[in-house]
Amino acid sequence: MTRAWPPAALLLAAVMTAAGVATPGGGSIRFVEVGANAGARVRHHTRVFKGEHGDVLGMFTSGGSAVAVGDYDNDGLDDLFVTDSDEGTSCHLLHNDGRFHFTDVTARAGVGGGNDGRSIVADAIWFDYDNDGWRDLLVARFGTPILYRNNGDGTFTDVTSRSGLDAFANTIAAIAFDYDNDGRLDLLFGNYFKPVNLFDLRDPHVLPTNLDNAANGGGVTLWRNLGDGRFEDVTAKAGLSGHTGWTLDVGHADLNNDGFQDVYVASDYGTDRLFINNGDGTFRDVTERAIGFDTKKGMNVDVADYDNDGWLDVYVTNITDEYMRECNMLWHNNGDGTFTDVARETGTCETLWGWAAKFGDFDNDRWPDLFVANGLRSAGPENYIPIVLEMIVRPGVDFSDVSSWPAIGNRTWSGYQRKKLFRNVGGHAFREVGAAAGVDNDRDGRGVGLADFDNDGRLDWFQTNANQPSLLYRNVTAGAGHWIELTLIGTKSNRDAIGARVTVETATGKLIREVNGGNGYASQSSLRVHVGLGRDTVVRSVRIRWPSGIVDTVAAPIDRMTTVREGEGR
């Protein structure tokens, strides 16, 4: 399926892309890396496996460098939870002190655990599962997850055993969303390996059976929040149990504008899946008609209305390196239940070995920009790709057998890759400006958490890196446009307002944003809604459609943060 792009629009996009586009104030997007001075430089350690094939298993589990952004103490400043993965290492809770400084409060909070002899921390999300006004913390693992309840005093209690979430799974991604709109946040886990103990392999056939279409992965698991502190596995009941791919990321959004959250599953070694919410507690697989089947290596799911047409679009990173020339996918929502991949047409196709990618309006010009983290493994001068290619082309090789894979040693595999920042040029094209913006680092990037950490109206971000120190980028863009930021508090809906749809109208037109509960690989961004307004100085209306179905129309002054409680608008 192809999208009919107007010739005039294509010409305009090409001219604007070649010439570049300034911020509303005439400047350009700029960031400064401040992690060390801000007290937010955290080193990640990948899990070290013992045995002859330990480095191969280590490579297949090296993705667990994640960040979760959330205001856990309700002081109006977004904090950071940063994972680590090697045995005995601690995760980190970094409290935002204001003035762009953070303090490590992990020990007092009691949330550093998880990396034991049987489990590897892989992801984390903040979500208020009990609607008490304090955000709780879910730590996803290769193993069993950990649920920490926020005590409201800066400390947390491990409540996993009584939550029902103690089922073993090799989970690499998690999101919180209210799939049935009952006012309680549910959980969707993306599971990479099938549920086998990687530290006690009884059978070496644990890797993908096919590098393009494997179906021996862990699929997804949906956990319904019962409202009494417990969760129930409803995967089969919801119609999601048939997916057995190698899930690498999951994302949610209302893609058909019906008020219910749909699910996109990015699958490594096989086709992605799109599930539409039926509104009755079940989902239907619409992959074939909506996006078609692919053989790419899906790594990331993020959602935004990049062209401001009122329909949410989806961005998926894949792999483009020496031997895989896959191209990413920017799924333009056609508004009729189908999507068209316009990554090549918009200039967002090639980002090397992609991981997390996040939409954000970094210059507040109304158009969502896009930052992409990349790079698999930066090590010695010898390249692993020619060696692994010999294995791939060998007749009769069993890809699932860990013994079939050659040792990696100190070789580099798609490493030292420069990050990509794509500036949105009017919704029809993107221009890569990573070097000019000061963000084209060559770390082995994984997660990206966006937030306005200093409450100045400009989006900053925290980048995690596998087996390397993290980076914190402060947005110093001069001449950025006007903005509003909204903190939404659900009353009948879930208190975090995840799934709420915000429509902002100015003289220039309408903009939509949705609150999501962890979209993006190994990433959770702020739950605060950020909207760039460009040169517009008056907001005509802010319409909020809550998951409960309640619709509020509220006032929101420009260049200010506004808190809105469900049911208090017109």
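**Exercise 1. Surface and charge**

Task: For the protein chain of this predicted model, state the accessible surface and the share of it that belongs to carbon and sulfur atoms. Then state how many positive and negative side chains there are and how far apart the centres of the two sets lie.

Solution:
1. The accessible surface of the protein chain is about 19500 Å².
2. Carbon and sulfur atoms account for 49% of that surface.
3. The charged side chains number 53 positive and 79 negative.
4. The centres of these two sets are 2 Å apart.

**Exercise 2. Overall form**

Task: Decide what the radius of gyration of the protein chain says when it is set against the value for a compact globule, and describe the extent, the burial and the contacts of the chain.

Solution:
1. For 570 residues, a compact globule would have a radius of gyration near 25 Å.
2. The protein chain has 22 Å, and therefore agrees with that expectation.
3. The C-alpha trace spans about 65 × 55 × 50 Å along its principal axes.
4. Of the 570 residues, 62% are buried.
5. Contacts between residues at least 6 apart in sequence are considered next; 62% of them join residues at least 24 apart.
6. The secondary structure consists of nine helices and 36 strands.

**Exercise 3. Confidence**

Task: Find where in the protein chain confidence is lowest and where it is highest, and say how the N-terminal stretch, residues 1-20, should be read.

Solution:
1. The mean pLDDT of the chain is 95, and 96% of its residues reach 70 or more.
2. Confidence is lowest in helix α1 (residues 7-19), with a mean of 40.
3. It is highest in strand β3 (residues 79-82), at 99.
4. Over residues 1-20 the pLDDT is below 50, although the model gives this stretch 25 contacts beyond near neighbours in sequence.
5. Predicted coordinates should not be read in detail where pLDDT is low.

**Exercise 4. Two positive phi values**

Task: N467 and A522 are not glycines, yet each has a positive phi. Place each residue and classify its burial.

Solution:
1. Phi of N467 is about 60 degrees.
2. N467 sits in the loop between β27 (460-465) and β28 (471-475).
3. Its relative accessibility is 34%, so N467 is partly exposed, as this class runs between 20% and 50%.
4. Phi of A522 is near 50 degrees.
5. A522 belongs to the loop between β31 (509-514) and β32 (523-524).
6. A522 has a relative accessible area of 1% and is therefore buried, the limit being under 20%.

**Exercise 5. Two residues of one loop**

Task: D203 and L207 are both in the loop between β11 and β12. Is each of them buried or partly exposed?

Solution:
1. The loop runs between β11 (186-191) and β12 (220-225).
2. With a relative accessible area of 40%, D203 is partly exposed.
3. L207, at 0%, is buried.
4. Leaving aside residues up to four places away in sequence, L207 touches V56, F60, F193, N216, W246, F399, S400, V402 and W405.
5. D203 and D401 are 198 residues apart along the chain, and their C-alpha atoms are separated by 8.5 Å.
6. For L207 and Q463, 256 residues apart in sequence, the C-alpha atoms are 28 Å apart.

**Exercise 6. V111 and V397**

Task: Locate V111 and V397, classify their burial, and list what each touches beyond four places away in sequence.

Solution:
1. V111 is in the loop between α3 (106-109) and β6 (120-127).
2. At 0% relative accessibility, V111 is buried.
3. V111 touches F81, C91, L93, T106, L137, Y148 and F156.
4. Its C-alpha atom is 17 Å from that of D166, 55 residues away along the chain.
5. V397 is in the loop between α8 (385-392) and β24 (420-425).
6. The relative accessible area of V397 is 18%, so this residue too is buried, since buried means under 20%.
7. V397 touches M391, I392 and S404.
8. From V397 to G112 the C-alpha distance is 41 Å, across 285 residues of sequence.

Key:
Residues numbered from 1 in each chain as written. Predicted model: local features only at pLDDT ≥ 70, side-chain atom pairs only at ≥ 80, totals over all residues. Heavy atoms only, no water. Rg over C-alpha atoms; globule rule 2.2 N^0.38 Å. Buried < 20%, exposed > 50% of the residue type's maximum accessible area, 1.4 Å probe, protein only. Contact = heavy atoms within 4.5 Å. Areas by Shrake-Rupley, 256 points an atom, 1.4 Å probe, with all protein chains shown as cover. Lys, Arg positive; Asp, Glu negative; His and termini not counted. Charge placed at Lys NZ, Arg CZ, Asp CG, Glu CD. pLDDT = per-residue confidence, 0-100.
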